[in-house]
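Colleague: Before I rely on the labels attached to this model, I would like to go through the reasoning behind them, one at a time.

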Amino acid sequence: MARADLVVCRAGYNMVNEVMLTGVRALIIPESHPSGEQERRAASLSGPGILVRDESACLCSDAARRSCSPL
């Protein structure tokens with residue numbers, strides 16, 4: 001991971017720790033669960049090179065983008 005220019009990942013415990021330890025640029029997309037675990041973990045992240053977006057913003061097609069969360 002430390003060699004990557006950009007990491008695209010979920011907000012699982014291990015992935016978030018590796019992103020923070022390596023300082024790599026990351027797009028973090030929390031997976032939606034009833035407990036909200038990944039959303040809470042992702043919301044606590046900040047720093048240069050870290051961007052958090054929800055699933056709907058990343059998975060919508062261009063045609064349907066108007067009804068999805070903004071990037």
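**Labels and their grounds**

Modeller: Let us start with glutamate 37, which has a relative accessible area of 37% and is therefore partly exposed; please keep in mind throughout that this is a predicted model.

Colleague: Why is glutamate 37 called partly exposed?

Modeller: Buried means under 20% and exposed means over 50%, and the 37% of glutamate 37 lies in between, so the residue counts as partly exposed.

Colleague: What makes glutamate 37 and arginine 41 a salt bridge?

Modeller: Their side chains meet at 2.6 Å, N to O, and because the criterion asks for a side-chain nitrogen of Lys or Arg within 4 Å of a carboxyl oxygen of Asp or Glu, the pair qualifies. The two residues are four apart in helix 2, residues 37-43, which means that about one helical turn separates them.

Colleague: And is arginine 41 buried or exposed?

Modeller: Arginine 41 has a relative accessibility of 17%, and since the cut-off for buried is under 20%, arginine 41 counts as buried.

Colleague: How many salt bridges does a search of the whole structure find?

Modeller: The search finds two, and one of them joins the side chains of glutamate 55 and arginine 10 at 2.8 Å, N to O. This pair links distant parts of the chain, given that glutamate 55 belongs to helix 3, residues 55-59, while arginine 10 sits in the loop between strand 1 and helix 1, 45 residues apart.

Colleague: Why are glutamate 55 and arginine 10 both described as partly exposed?

Modeller: Glutamate 55 has a relative accessible area of 23% and arginine 10 has a relative accessibility of 32%; because the partly exposed range lies between 20% and 50%, each of these values earns that label.

Colleague: What makes glutamine 38 a buried residue?

Modeller: Its relative accessible area is 8%, and buried means under 20%, so glutamine 38 meets the criterion. Glutamine 38 has its place in helix 2, and, once neighbours within four places in sequence are left aside, glutamine 38 is in contact with Arg10, Ala11, Gly12, Ile29, Pro30, Glu31 and His33.

Colleague: Which residues form the largest nonpolar core?

Modeller: That core has 11 residues, namely Val7, Cys9, Ala11, Val16, Val19, Val24, Ala26, Ile28, Ala42, Leu45 and Ile50. Strand 1 (7-9), helix 1 (13-22) and strand 2 (26-28) each supply at least two residues of this core. Alanine 26, one of the core residues, is in contact with Leu6, Val7, Val19, Gly49, Ile50 and Leu51, leaving aside neighbours within four places in sequence.

Colleague: Why is methionine 20 called partly exposed?

Modeller: Methionine 20 reaches 44% relative accessibility, and because a residue must be over 50% to count as exposed and under 20% to count as buried, the label is partly exposed. Methionine 20 is found in helix 1 and touches Leu45, Ser46 and Ile50, not counting residues up to four places away in sequence. With serine 46, methionine 20 forms a pair 26 residues apart in sequence and 9.6 Å apart in space, C-alpha to C-alpha.

Colleague: In what order do the elements of the chain run?

Modeller: From the N terminus on, they run β-α-β-α-β-α, with three helices and three strands in the chain. Of its 71 residues, 28% count as buried.

Note on methods:
Residues numbered from 1 in each chain as written. Predicted model: local features only at pLDDT ≥ 70, side-chain atom pairs only at ≥ 80, totals over all residues. Heavy atoms only, no water. Core = buried A, V, L, I, M, F, W, Y, C linked by side-chain atoms within 4.5 Å. Buried < 20%, exposed > 50% of the residue type's maximum accessible area, 1.4 Å probe, protein only. Contact = heavy atoms within 4.5 Å.
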